[in-house]
Amino acid sequence: MADKWWQEATIYQIYPRSFKDSNGDGKGDLPGILEKLPYLKELGIDVIWINPVYASPMVDNGYDISDYYAINPEFGTLDDLRELLKQAHALGLKVIMDLVVNHTSDQHPWFKEARKSKDNPYRDYYLWQAASPDKMPNNWKSFQGTSAWTYDEKTQEAYFHIFDAKQPDLNWKNPRLRQEIYQMIAYWLDFGLDGFRLDAISHLQKEPWDFQIKSWEGDGPWAPFMNVKGIESYMTEIKAIFDHYGALSVGEASGVTSQEAPAWTDAETGFMTMIIEWEHNRRTPDNQGDVAGLIAVLKRWQEDLSQRGWNALYLENHDIPRIISAFGDASQACAKAFAVAYFLLRGTPLIFQGQEIGMTNGLFTSADQIDSRSVKLTYQDLLAQGLSEKEALAQATQWSRDHARLPMQWDASPQAGFTTGQPWMVLNSNYQTRNVQSQMAQEGSLFYLYKRLIALRHQEAVISRGSFSALETGQDRVFAYQRELDDKAYLILVNLAPQKLTLDLSNLDLAEWQELDLFNQPLILQDQLDLDAYDYHVYVRSRK
Ligand code: TEU
Ligand code: CA
């Protein structure tokens, strides 16, 4: 595979509503991001991904778009975006945004038209089927667990939606719709964007409406729209536009297996640059992160994409809890261990805002602190099942996406330096100790570890381009692997468990390894090696 710039790069994800507020309305915005560009430059990242800022009624915080060409005034103006791109580019940073084309908002003019009559020219932009108020076209379920159909009185048919009823799915079989989407992509790439994160892209194609769902376990209920055959033709058309612009494409592609991913992300023939997989969001039956499961899934993705294809590496995003709370003990040590464990894998790492300072899950004390529509629904459900308010709140929010959306913690001042007004989401109570300012004032902090890891990817071809091989240590909560390129090798050993573990390294050639300083105490390699809780060690070997 020829060298590509994104093999060395790190992507930083910004959830704009929660990043930095510039005008005191309690919501983050584009000028807020502009103000923090020097911070991102200091961290050393290469690409910024900004979650949706398009015109939207904000039922799903911008993933319900009512105008693909306009900016939601809450975030600023088109000129603010232009300025942000200009200044980011001047600093050598690329910028990508979300492309949300599986669905629109029900307030998009296309849907408003489509709803009017069966022969409206926009009717076929969406998916309609004959129905009655008590009989839906089939039994398919949305990701929210309720029917994927909503009956519409006006024309006495139902429309299809895999997310909320206010996010009707677009009909990708319609060539006119596809052309409109392709023009829109070209518009933004002409505008100066460097690429897109392709939202929910593996769901564009649906099975025929009479498809029978066989299993209600795992992906079963969603099988009718998970990477369904025929999607290749849409992907090929999208790829042609991205290739024309040389644009970056990060696909959110759940349902694409690790065996299929190499073809999806082949450097020449793949549909996109890299994909974000969903499998490693593993939970134990009691709703805790499953560390051994996470390691096993990451290893398999590394192995299956070793010859061909490219991984997007991530631990956090705006849809899932904070990794160190869900999978660890929320300590700084734990945050460092997770950072080292995934950052030196083969692929392009993503950092979700606040991850680099060890932000943790919040504690929700009242139902009106919940923002996510699906979490609210779960909460109501649990109340109806007879749980107390307190129990329902705890259960509904345990794995909630709301945790990731708490305001960024900049400093110890009131409102954490996020806003001068009232933040739209409650602040995490630990902001006075865990914030950017304190992290930057402290040598060897998590922030500086991330900075070092990011720089290492720029400097070391073996990290950006080398092979991956997993190492058996007899401990399934230790992530142990080697990277190799030509005469150089890296050995990475990370204990992701909250207790001391002994590694069996008797199969490893222990000679010639030098430890790399990553703000930790050195440890001499030996056959039986004790690693303290959340201990990490990285060794380098050069045989020139
Ligand atoms: O999430 C998509 C999403 O969660 C599913 O596509 C996912 O594949 C499935 O749940 C896995 O089982 C994206 C955004 O990240 C999210 O914030 C939006 O709410 C959603 O799309 C709708 O646009
Ligand atoms: Ca604002």
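Student: What is the spacing in sequence of the donor residues of the calcium ion (ligand 2)?

Tutor: In this predicted model, the donors follow the pattern D-x1-N-x1-D-x1-K-x1-D.

Student: What makes Asp-21, Asn-23, Asp-25, Lys-27 and Asp-29 donors of the calcium ion (ligand 2)?

Tutor: A donor of Ca is an N, O or S atom within 3.2 Å. The atoms here lie at 2.3 to 2.4 Å, so these residues count as donors. Lys-27 coordinates through O, Asn-23 through OD1, and Asp-21, Asp-25 and Asp-29 through OD.

Student: Why is Asn-23 called exposed?

Tutor: Exposed means over 50% relative accessible area. Asn-23 has 53%, so the term applies.

Student: And why does Lys-27 count as partly exposed?

Tutor: Buried ends at 20% and exposed starts over 50%. Lys-27 is at 26%, and therefore falls in between.

Student: How do you know that Asp-199 makes a polar contact with ligand 1?

Tutor: The cut-off for a pair of N or O atoms is 3.5 Å. A polar side-chain atom of Asp-199 is 2.8 Å from an oxygen atom of ligand 1, so the pair qualifies. His-203 passes as well, with a side-chain N or O atom 2.8 Å from a ligand oxygen. For Asp-319 the distance to an oxygen atom of ligand 1 is 2.5 Å. Of the accessible area of 510 Å² that ligand 1 has on its own, the protein covers 91%.

Student: Which classes of residue form the shell around ligand 1?

Tutor: Seven are charged, five nonpolar and four polar. Among the 16 residues around ligand 1, those that come nearest are Asp-60, Asp-199, His-203, Ser-254 and Asp-319.

Student: What makes domain 1 and domain 3 count as being in contact?

Tutor: Contact requires heavy atoms within 4.5 Å. On that criterion, 46 residues of domain 1 touch 33 of domain 3. The C-alpha centres of the two domains are 22 Å apart.

Key: Residues numbered from 1 in each chain as written. Chains lettered and ligands numbered in written order. Predicted model: local features only at pLDDT ≥ 70, side-chain atom pairs only at ≥ 80, totals over all residues. Heavy atoms only, no water. Near = heavy atom within 4 Å. Polar contact = N/O pair within 3.5 Å; in protein donor to acceptor, adjacent residues only side chain to side chain. Areas by Shrake-Rupley, 256 points an atom, 1.4 Å probe, with all protein chains shown as cover. Nonpolar A, V, L, I, M, F, W, Y, C, P; charged D, E, K, R; others polar. Donors = N, O, S within 2.8 Å, 3.2 Å for Na, K, Ca; no water. Buried < 20%, exposed > 50% of the residue type's maximum accessible area, 1.4 Å probe, protein only. Domains from an automatic or database assignment.
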